[in-house]
Amino acid sequence: MNSRLLGSILIIAGSSIGGGMLAMPITSAGVGFLGATLLLFVIWFAMCYTALLMVRIYDFNSSKDGFDTLTKKYAGLLVNRIAGLSLMFLIYGLTAAYMSGGGTILKTNIDLLFNTNVDDRLAVLVFSLVFSTVVIIGTKWVDWFTRILFGAKVVFLVLLVILMTPLIKWANLLHMPLSLGIVIMSIPAIFTSFGFHGSIPSIVDYLDGNKKMLKKAFILGSLLPLAIYLVWQIVILGSLDQTVFMQILNEHSEVKGLLLSIRELSHSTSIETLFSFFAATALGTSFLGVSIGLFDYYRDLFKDKKKSIIKPLATVCTFVPPLMFALFYPEGFILALGYAAIAGVILALVIPVILYLKAMKFHNIKISSLQYIVISFILILSLLIVYAQLLVVSNS
């Protein structure tokens, strides 16, 4: 396989497999394995399809063109501004979630190893500085760091699956959703588990617009998380009793609650340690994958400015806002993912559809009836996800 194609697949998969891996057991604990599996397949299909719509749009454009350029060309100033704001809020939300989650993992492990009580904000700051530096250096560094972290993540995941498989009770996988409301409110976090669309222009540029490789990259890059999520759901939901898991999550916040659940229900130091390492590498790959998209967006936005200030401006705009959220709300992992879902719906589902329809009209290309049906389904799904997030906010 072409080296850049492999790197692109891992960046796409790495963008998804991170916060999503940690958020999924938390949000689907009350949904059950069967319900979560159905949601995963539906959301994967929609996200992969819109990514392929974007690849089609690049048939008529330079691989150097970013979201800012494409939306101005096809959809006008209003959609351009909406797309830009959506990209910012989506990746700000995801990056803030990964910063806060990464800080929690770092603090938990340091405290456990050295019997200390590291300040939450210091842990968030250290995690953020290390991974932000890699993004600032460039896509090639993101590629290589993602390969290393992704490889380590796969090793930790395989070991976790091996160690936790004996703990699986198939009766746990047959639990039905506790309520329809819980199913609906789980959708936003599961949706953001496929949050790779912000990096589409970066991947297109990295592969020099090669359409064959791009299609492979987005199909395989999104299928890989889907497969891993299904295995992950079997291992976690199969090992943890639904009632006990829900009780622990109600008593402890988000990532910490998941770590405590693993500790209390596995009764294994090895499993707990492996899970911590896995969580750290997962958050790292996600952070790199999503933030490179916003960083490149800002570089595209500021391309007419003095060359020496483009990178510093892009750095400040990309990393300072989510860092402020993570520093002052270090336990806002699920909240940040949830708010990212609304922006994600616009960026990953609505904007690609609008751009595709406008581009095909612009270039006088007919759209098939089947495509119109799929596009209609995607728009209905978009409304459902937004409604679900509003429901989460009203109940929080």
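This briefing covers helix packing, salt bridges, a surface patch and a few loop residues. The model is predicted. Nine salt bridges are counted in it. Two helix crossings are described, one left-handed and one right-handed. A nonpolar patch lies on the surface.

**Helix packing**

- Helix α9 covers residues 180–191, and helix α17 covers residues 369–395.
- The axes of α9 and α17 come within 8 Å and cross at roughly 115 degrees.
- That angle makes α9 roughly perpendicular to α17.
- The crossing of α9 and α17 is left-handed.
- Helix α6, residues 120–137, packs with α14 at an angle of about 50 degrees.
- The axes of α6 and α14 are 9 Å apart.
- The two helices α6 and α14 are therefore oblique to each other.
- The crossing of α6 and α14 is right-handed.

**A salt bridge in helix α5**

- K107 and D111 form a salt bridge through their side chains, at 2.8 Å from N to O.
- Both K107 and D111 sit in helix α5, which spans residues 76–114.
- K107 and D111 are four residues apart, about one turn of the helix.
- K107 counts as buried because its relative accessibility is 16%, under the 20% cut-off.
- D111 also has 16% relative accessibility, so D111 counts as buried.

**A salt bridge in helix α14**

- R299 and D296 meet in a salt bridge between side chains, at 3.2 Å from N to O.
- R299 and D296 lie in helix α14, residues 269–301.
- Because they are three residues apart in that helix, about one helical turn separates R299 from D296.
- R299 is partly exposed, with a relative accessible area of 35%.
- D296, at 16% relative accessibility, counts as buried.

**Another salt bridge and a network**

- K303 forms a salt bridge with D300.
- The closest N and O atoms of K303 and D300 are 3.5 Å apart.
- K303 is partly exposed, at a relative accessible area of 46%.
- D300 is buried, at a relative accessible area of 12%.
- R56, D59 and K211 are joined into one network by salt bridges that share partners.

**The nonpolar surface patch**

- The patch is formed by V154, V155, V158, L159 and I162.
- Together these residues have about 400 Å² of accessible area.
- V155, one of the patch residues, is found in helix α7, residues 139–164.
- V155 has a relative accessible area of 45%, so V155 is partly exposed.
- That value is over the 30% relative accessible area that a patch residue needs.

**Pairs apart in sequence**

- L224 lies in helix α11, residues 211–239.
- L224 counts as partly exposed, at 28% relative accessibility.
- L224 and V155 are 69 residues apart in sequence.
- In space, L224 and V155 are 15 Å apart, C-alpha to C-alpha.
- D241 is placed in the loop between α11 and α12, the latter being residues 242–251.
- D241 is partly exposed, with a relative accessible area of 30%.
- D241 and S261 are 20 residues apart in sequence.
- In space, D241 and S261 are 9.9 Å apart, C-alpha to C-alpha.

**Loop residues with positive phi**

- N115 is not a glycine, although its phi is positive, at about 55 degrees.
- N115 lies in the loop between α5 and α6.
- N115 is exposed, with a relative accessible area of 72%.
- D208 has a positive phi near 55 degrees and is a residue other than glycine.
- D208 is in the loop between α10, residues 200–206, and α11.
- D208 counts as exposed because its relative accessibility is 59%, over the 50% cut-off.

Conventions
Residues are numbered from 1 along each chain as its sequence is written. This is a predicted model: local features need pLDDT of at least 70, side-chain atom pairs count only at pLDDT 80 or more; totals for chains, interfaces and linings use all residues. Side-chain values use heavy atoms; hydrogens and water are left out. Patches are made of residues with over 30% relative accessible area and no salt bridge: like charges are joined within 9 Å, nonpolar side chains (Val, Leu, Ile, Met, Phe, Trp, Tyr) within 5 Å. Accessible areas come from the Shrake-Rupley method with a 1.4 Å probe; for residues, only the protein chains shown count as cover. A salt bridge is a side-chain nitrogen of Lys or Arg within 4 Å of a carboxyl oxygen of Asp or Glu. Buried means under 20% relative accessible area, exposed over 50%, partly exposed in between (1.4 Å probe, protein chains only). Axes are lines fitted to C-alpha atoms, for helices over the stretch in contact, and angles run from 0 to 180 degrees between N-to-C directions. Angles under 35 degrees count as roughly parallel, over 145 as roughly antiparallel, 65 to 115 as roughly perpendicular and the rest as oblique. A crossing is left-handed if the near helix is turned anticlockwise from the far one by less than a right angle, and right-handed if clockwise.
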